[in-house]
Amino acid sequence: MPTISQLMVPQPVKSVPDDANVGAELTGKLDKEEVVKWLAKFYQRREIKAAATENGIDNYIYHQTYLSFRKFCLEIDKLPVDLHVTFSDIIAGACHLDSLLPYFIRHAKQVFPHLECLDDLKKISDLRLPANWYPEARALTRKIIFHSGPTNSGKTFHALERFFSSKSGVYCGPLKLLASEVYYKSNQRGVPCDLVTGEERNFASVSKTPSSHVSCTVEMVSVNTPYEVAVIDEIQMLKDPSRGWAWTRALLGVVAEEVHVCGEAAAIDVVKEIIMSASEEVELRRYKRLTELIIEDSSLGTLEKIRPGDCLVCFNKQDIFWSTRQIEAMGIECAVIYGSLPPGTKLAQAKKFNDPDHPCKVLVATDAIGMGLNLNIGRVIFNSLIKPTVNEKGEKEMDTITTSQALQIAGRAGRYGTQFSTGYVTTMKNEDLPTLKRLLSQHPEPITQVGLHPTAEQIELYAYHLPHANLSNLIDIFVNLSTVDDSLYFICNIDDFKFLADMIQHVPLPLRARYVFCCAPINRKIPFVCSMFLKFARQYSRNEVLSFDWLGRQIGLPFACPNTLLDLVHLESVFDVLDLYLWLSYRFQDLFPDASLVRDMQKELDCLIQAGVAQLTRLLINSETKVSSGTSQAVEAEENRPVLFAKKTPYTHDRNAITSGNPLSSHGRIADRLLSEGLLTPKMLEELKKEWQFQKDCEKQSFEASNGAVDKSNPIKHSRNDTLNTRRLSRKRRT
C-alpha cells in the first residue's frame with residue numbers, strides 16, 4: 001500500500017494579487033539566480049530536513065514542497081512582503097538561511113492540506129469500535145439467537161417461524177431470490193410483508209402503506225426502524241471480501257428485540273466476539289442435517305452415466321455450455337442455471353427441474369445453486385473442483401474450492417420432503433474424488449475477521465477537509481489512515497467502487513450523488529453495462545430526465561429472441577442495465593421516473609432469455625457455425641456494441657426479417673468487427689459475398705435437381721469439382 005504522502009496530490013499555490021510590489025520598494029528587486037542558489041543550499045541542510053520531519057513532512061512531501069516552493073519564488077513577480085525581505089536579508093548576509101523554514105512549512109501546508117488536519121482525518125477513519133455507530137441498537141437489550149447447522153438442516157425454517165409469529169419483523173437475505181421467497185411465503189400465510197431490494201419495493205397492501213413485516217436483501221435493511229424480530233440469513237457471509245460489511249452492519253445495527261442469525265458453525269466464535277463488543281450475549285441452537293448425504297465410491301467418468309435427479313456443477317460458463325450440449329445430444333433434456341441469468345429465468349429453470357411431470361430431469365449449474373433456490377436434487381456431480389476466485393487484492397486466482405463451498409454445494413443433494421430422501425455426491429473425474437472426500441470430511445475453518453466499509457458520512461467529512469481530492473483518492477486516503485481492530489475486522493475490497501469513481505470522475509456530480517452512483521452493483525467486466533452506467537451519470541449531471549424512451553434508444557429496443565450464444569450473453573447484459581436503472585430509480589426518483597415501465601420491459605426480456613436458455617443447444621450450434629468459432633468467444637465477447645436490433649414493435653419482433661438472406665450483406669455486426677480489427681478488408685468482404693451467393697445458387701440448383709424441378713434445357717453449369725476449385729481459389733485470394 002502506498003504511503004499517505006504518495007496518495008496526496010500536490011496543490012498549486014498562487015500568490016495573492018497585489019498592485020504594488022512592496023517588498024521590491026523596501027529592499028530592491030531580487031536576483032533570481034541568487035534565490036535559486038540559496039534555495040538549493042536550504043534544501044540540502046540536514047537541520048532543515050530534521051525540522052521538517054518534526055512537522056510531519058516526510059521525504060516525499062519535503063521534495064515535492066521544495067519543487068513547488070522554488071517554482072513559486074521564481075515565477076511570482078510580487079512575492080509576499082515578509083518572504084521578499086527575508087530573501088533580501090539572506091542574500092545580503094544579514095540573516096541566517098534557516099530563516100526560510102517558517103515560510104517553507106507554511107508553503108508545505110498549502111501544497112499538502114492534509115498536514116493541517118491529519119489528526120482529524122485519523123479520528124474520522126477510526127473503525128475500532130463499529131458497535132458504537134448504531135446508538136439505537138445499543139439502546140436496546142437485544143436477544144441474539146444463533147441457528148447453526150449445515151445445508152438442509154432446517155435452521156432457517158425455525159428462525160422464519162418466529163418471524164411469521166412476531167408482531168413485526170425483518171428478514172435479511174443474501175439474494176433477491178431468497179428475499180422474494182420469504183415475501184411470498186409470508187403473504188401466503190396471511191402475514192402482510194413488504195419486499196425491499198436494491199431495485200424495487202413491493203407493498204403487501206394495495207394502498208401501498210408499509211407493512212409491519214419486511215423481507216429485504218441484507219444491504220437494504222434499515223438500522224433505524226424498530227422490529228420485534230430480525231432474521232439474518234447466511235451469517236457466514238460476514239467474511240465475504242466484497243459484501244461482508246453488509247452482514248456486519250445488520251448484525252450490529254438492526255434495531256430488534258430478538259435477532260436470529262442463521263449459518264455455518266464456522267461463524268459462531270466471531271459472532272460471539274462481535275456481540276460481546278456490544279455488551280450482548282448469544283444463545284446457540286445447533287441443528288443436524290435432516291437427510292443422509294453419501295459420497296459415492298466411484299466418480300461418474302462419463303456423461304452417459306447421468307441419471308434423473310442429477311445436478312452437474314461447473315465453475316465456468318464454458319463448461320456449462322459444453323456439458324449441456326453433450327447431455328442433450330444424448331436425448332436428455334436438462335435445465336441450466338448460472339449466476340448471470342435473471343432471477344425469473346433461474347426460477348423457471350428450477351421449476352422445470354423440480355416438476356415431476358416435466359421430462360427435464362437433469363440440471364447443469366454453477367455454484368449459484370448453493371443458496372437462493374429450492375431444488376429437488378438426488379445427486380450432485382462436481383465437474384471440477386477448481387474455481388476462479390478473487391482475493392483480497394482484487395486479483396483473479398484459480399484454486400480448489402473451500403471446505404465451506406464444497407459442503408454448501410454438496411449439501412443440496414437429498415432435499416427433505418422430496419423423493420430424494422438420501423443425497424449422493426461424486427465427481428466427474430476420478431482424480432478429484434479423494435479431494436472431495438477430504439473436503440467433505442472437514443469442518444469449515446473458523447471465521448476470524450469480518451468486513452467493514454466506509455460510510456457516505458465519513459467520506460463527506462473527508463471531502464470537507466480535503467476539498468480538492470477526488471472520490472477515488474478520498475477512498476484510498478481513508479483506507480490508508482483507517483485504524484481497524486485487525487483481530488476482528490478488515491476493510492472490504494473497494495476496487496469496484498474505485499473503478500466506478502474513476503470512470504465518472506470527469507462527470508460533474510455532487511459528492512453524495514457520486515458516492516451513491518459508485519455503490520451501484522454492476523459487473524465492471526461487461527463493457528456495455530459500464531458504458532450505460534457512464535451515460536446514466538452524464539444524464540443525471542445535466543439534470544435531464546432518463547425517460548423510458550431515452551433508455552429504449554440506448555439499449556436498442558425492440559428485443560428479439562436470441563439466435564446465437566452471443567445474442568444471449570448480450571441480452572443478459574441488457575437485463576443488468578435495466579437492473580441498474582431500477583437501482584438508481586429507487587434513489588433518484590425524480591430523474592429516473594419510469595421504473596414501472598422498465599420493470600415491465602424487464603419481464604419481457606426475462607421471457608426472451610428463458611426462451612434462449614430453453615434452446616441453448618441450438619444457440620451453441622448457431623454460434624459455432626454462423627457467428628463465432630466457439631462458446632468461449634461468445635462468453636468473453638465484449639458487449640459494447642451499437643444498437644443490436646432494428647425497431648418494429650414495442651419490445652420484441654421476429655428476427656427472421658433481419659437474418660434472412662446473406663449474413664454478410666449490409667455489413668453485419670461480425671463483418672463490422674472484423675473490418676474494424678483489420679482482419680477483413682472491404683475487397684475480401686466483397687469476395688466473401690460473391691462466394692456466399694454462388695454457394696447458395698449451387699445449393700438451390702442441386703435441391704431443384706433432386707426434386708426433378710430443373711429444366712433439362714438449362715443444366716447446372718458448375719459441377720461439384722468446379723465448386724471446390726472456386727472455394728480453393730477464394731481461400732488463396734484471402735490468404
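This passage describes a six-stranded sheet, a helix lying across it, and the cysteines of a predicted model.

Residues are numbered from 1 along each chain as its sequence is written, and side-chain values use heavy atoms, with hydrogens and water left out. Because the model is predicted, local features need pLDDT of at least 70 and side-chain atom pairs count only at pLDDT 80 or more, whereas totals for chains, interfaces and linings use all residues.

Helices (H or I, at least four residues) and strands (E, at least two) are DSSP runs, numbered from the N terminus. Two strands are taken to pair if DSSP finds at least two bridges between them. An open sheet of 6 strands is found, with parallel pairing and the order 9-16-13-10-12-11. Its edges are formed by strand 9 (292–295) and strand 11 (334–337); each has a single partner strand, so one side of each is left without a neighbour in the sheet. From one strand to the next, the twist averages 20 degrees, where axes are lines fitted to C-alpha atoms, for helices over the stretch in contact, and angles run from 0 to 180 degrees between N-to-C directions.

Within this sheet, strand 10 (residues 310–313) and strand 12 (residues 362–365) are joined in the parallel sense over 3 bridges. Cys311 has Leu363 of strand 12 as its bridge partner. Helix 16 (residues 403–410) lies across strands 9, 10, 13 (379–382) and 16 (422–427), and runs at about 140 degrees to strand 13; contact here means heavy atoms within 4.5 Å.

A search of the whole structure finds 0 disulfides, a disulfide being a pair of cysteine sulfur atoms within 2.5 Å. For Cys360, the nearest cysteine sulfur is that of Cys334, 6.5 Å away. Cys360 is buried, with a relative accessible area of 0% (buried means under 20%, exposed over 50%, partly exposed in between, with a 1.4 Å probe and protein chains only). Cys262 is likewise buried, at a relative accessible area of 0%.
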